[in-house]
Amino acid sequence: MFAYYLELALRSLKHNRALNVLMVVAIAVGIGASMTTLTVLHILSGDPLPGKSARLFYAQVDGDPTPDYKHAEPPDALDYQSAVDLWSARRADRQALIVDSQIKTRAPEANRPPLMLMMLSTTSDFFPMFEVPFEYGSAWTPEDDANRARVAVISSDLNDKLFGGQDSVGKTLRLGDADVRIVGVLKPWRPSPQFYDVRGGRFSNGDTSDYYTKPEDVFTPFYTGLEINDGNFNQFNCWAPPPNPGHLVNSPCNWVGLWVELDSAAKVVSYREFLNSYAQQQKTLGRIRYTETRLRDLMQWLDFNQYVPRNAKLQTWLAFAFLAICLFNTVGLLLAKFLRRAGEIGVRRALGASRGAVFAQCLTEAGLIGLLGGVGGWLLTLLGLWLVRRQPTPYSDLVHMDVAMFFTTFVLAVVVSLIAGALPALRASRIAPALQLKTL
Amino acid sequence: MQIQPILAALRKHRLATVLIAMEIALACAVLCNACSMIASRLSAMHIDSGVDEASLGFIALQGFDPKTANDLNARVVSGLRAISGVQSVHVINSVPFGPQAGATGITLDQAGKQFRGVPEFYVGDPGTPEALGLQLVAGRMPAADDYQPVKNFVPASSRVLITRTLAEHLWPGENALGKEFWTGPFHFRVIGVVANLSVQQYDEEGEQGAQWTVFAPGLPGPQLAGTYLIRANPQDLDRVMTEAKAAIARIAPDAVLDYEWSDTLPALRTKFFRTDRAMTGLLVGVIVALLGVTAFGIVGLASFWVAQRRKQIGIRRALGATRADILRYFQTENFLIVSFGIVLGIVLAIGINLALMKWFEVSRLPLWYLPVGALVLWGLGQLAVLAPALRAAAVPPVVATRSV
């Protein structure tokens, strides 16, 4: 029966060509706009470490003793003392301190002017914890952390730039005035968002596109980085001016992040207790005054920072409002299309077709128009995504259509057209055969 | 024109009437809100920076040893001054639309109790306010002895210029000259008020803070180094900046030029607002597509109605109605439907605006947008219905005599 309806639908496409083209174009434009914004939103709001993110946590303690504000939330970063204390307690399965800074980088072998690059100073657990893929070599060892070894891991981009993509393990990199030995080269690694550096979202007024920049190009052990780039660190915030700007060790500033991996719910509970008892103990010692702590898992931390740029969400709403207008438009045009054929439908009804059959036939027609609109919408989405990629946003290189979004395009198009077709089809199925036959 | 028969006819086509009205309502709501968003972004993009943007350029260096800062400043300032067309070179911490260099909370008392918001600080060497082209509205420009060594990010105690907006915010209705404020141990005394000087990183949602700035006179040194203001004739500026960027490699081989921020002020402004421009373009695109879809929807449905009523039109014509009567009939019908949609649309527009204000911190919809949006949609409706209505008017009376 469906094949017959499809044949009828195809035949009716040839009649009223202008009306059909109008409907297909309206659906295509609506779907194109909605799917472009939805694809961007889908890419931006993904889980950067699926399967693992629920076991990764960001620890917060309030090191600021000044009573200037309410302290309802601990700051987004730790002061040096708290960070190092919590890290060296090693109460989690894995733990990584992170702090990033800009540093002048040269490769003595490569004949190039120096570059200013972002350097992440972290601890050896960082790489296994965040499943960072290596092309050559490996991460440094915990001993390197303790010994402040002059070693580094570099990104695949930097390896391409300085060493032409060759295995550069064992080669020397000059960071600031210090020479470090390369021990590892990463594979191309582009988490979206670049989750481990996310912080300060509640102060960003929704402009969070910086969360989607590429990871740092140079990774060094935490203490090594602090030594070789001393004087060039930026605070998250300070409760008093640091005596020596850029040198933040033991300064009145929050600037270090601590990520921990906790592999069971029981460990999460006990780590929370550990954080609270640490805050209590420090309060007793008089170093801090506020004992509010937080331990959010990765997705909670991202949500807390409202990581999806507000513009992207606004655009999605706008596109769907537009799709709604296209939907109303299609309902009206389908109504015109079906009722114009009232005579034909009357004959079918008189020859024994049930109301259900007429309804199904009309819906098939609507669905076919939706499918055609979907093809147009898919092409327009590709065009829309191409336009987004040309925008100078940090995430423009991430924007592409994946399989899920490809199918969503067609499903959305057909569903929209079926919704649009339901009411006109119902109306068409109510046509009284006798009345129509009389006028023939 | 009798409205009664039109209403009676519309009652027969309730569904289609409601559909067009709903489409118009949605279009009206989206149109008004999108226009309001465009307007607020355009007004943000026209912020007055208070400086002679067309004559100014900014050079930022990184990666130099802070111990050599004095030597670097001397080399760069004299090296850049040697470029032909350069009027002056100053050491400055940042410029409007440049990198954020110093945003700090201030208090009106030394104890730090009376917090008054977070202005941004500019620090520059002697002659900087004049080179920027700041417009003094009260007090005086800093004199030679006002420029002091920079400790941390400003001098320990400085005599500063503030903007009119900040003065009015800190001391409403009072004369700001001679007044004091603090940030931590740093002390400031106001010696002059300037018309405008916009912040470095302007955030449209914090619009009241767009002009909250302080200019603190300072002397170059380890804490004020590596960032330079170049002044040149507007017609020379692009060439001067290109030459300056090329000259840096020779003047300061120990430093790395920051390509992102080293540019003319007009270019920095353009870069700063590029996402706003992209969003504005998108909104305009949506409005055009939306009006197009709505218009074609009206054309489609009106054509259908004309075709359906061909016989009735013929009868009316045969009974003495003129072509103008038929034309006016369809125009009035469209006007009624669109009006119905607009009433709904105004309610919807306000509702959507309230939701946007809550979730997206969009500004309030100016009420005069509503009548303007209504006029646009009335016009659109009339334009869309014109072709089908003319076709209806062309139906000859003889149609009435055929196969009733």
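1. In chain A of this predicted model, the hairpin formed by β7(A) and β8(A) has 2 residues between its strands, and Gly176(A) in that hairpin takes a positive phi near 60 degrees. Strand β7 of chain A, residues 172–175, pairs with β8(A) in the antiparallel sense over 4 bridges, and Leu175(A) has Ala178(A) as its bridge partner in β8(A).

2. Strand β8 of chain A, which covers residues 178–186, has further partners besides the hairpin strand. Strand β6 of chain A, residues 151–154, pairs with β8(A) in the parallel sense over 4 bridges, with Arg181(A) as the bridge partner of Val151(A). Strand β5 of chain A, residues 134–137, runs antiparallel to β8(A) and is joined to it by 3 bridges, among which Tyr136(A) is matched with Val185(A). Strand β8(A) is also mostly covered, since 7 of its 9 residues are buried.

3. Turning to chain B, the domain assignment divides the chain into domain 1, made up of 4–45 + 275–401, and domain 2, which spans 64–254. The C-alpha centres of domain 1 of chain B and domain 2 of chain B lie 54 Å apart.

4. Helix α6 of chain B, residues 237–251, has 15 residues and reaches 19 Å from its first C-alpha to its last, which is close to the 21 Å expected at 1.5 Å a residue. The buried residues in α6(B) include Leu237(B), Val240(B), Met241(B), Ala244(B), Ala247(B), Ile248(B) and Ile251(B). In reading such a list it helps to recall that an α-helix has 3.6 residues a turn, so residues three or four places apart point the same way.

5. Leu108(B) sits in the loop between β2 (86–91) and β3 (120–124) of chain B. Although placed in a loop, Leu108(B) counts as buried because its relative accessibility is 18%, where the cut-off for buried is under 20%. Leu108(B) and Trp182(B) are separated by 74 residues in sequence, yet their C-alpha atoms are 6.2 Å apart in space.

6. The structure holds 3 cavities of 30 Å³ or more, and the largest of them contains about 60 Å³ of space. Its lining consists of Ile20(B), Ile298(B), Leu301(B), Ala302(B), Trp305(B), Glu333(B), Asn334(B), Ile337(B) and Val385(B). Helices α8 (274–308) and α10 (323–360) of chain B each supply at least two residues of this lining, and the largest share, 4 residues, comes from α8(B). By class, the lining of the largest cavity has 7 nonpolar, 1 polar and 1 charged residues.

7. The second largest cavity, with about 40 Å³ of space, is lined from both chain A and chain B: Phe328(A), Asn329(A), Gly332(A) and Leu333(A) are joined there by Leu19(B), Ile20(B), Glu23(B), Gly297(B) and Leu301(B). Helix α10 (310–340) of chain A, together with α2 (14–45) and α8 of chain B, each supply at least two residues of this lining, and α10(A) gives the most, with 4 residues. The lining of the second largest cavity has 5 nonpolar, 3 polar and 1 charged residues. Ile20(B) and Leu301(B) appear in the linings of both the largest and the second largest cavity.

Terms used
Residues numbered from 1 in each chain as written. Chains lettered and ligands numbered in written order. Predicted model: local features only at pLDDT ≥ 70, side-chain atom pairs only at ≥ 80, totals over all residues. Heavy atoms only, no water. 1 Å grid on protein atoms, 1.4 Å probe; cavity = no way out; pocket = protein on both sides within 12 Å on 5 of 7 lines; lining within 4 Å. Points joined across faces, edges and corners; volume = space filled by probe spheres on them. Nonpolar A, V, L, I, M, F, W, Y, C, P; charged D, E, K, R; others polar. Domains from an automatic or database assignment. Expected span 1.5 Å × (residues − 1). Buried < 20%, exposed > 50% of the residue type's maximum accessible area, 1.4 Å probe, protein only. Pairing = 2+ DSSP bridges.
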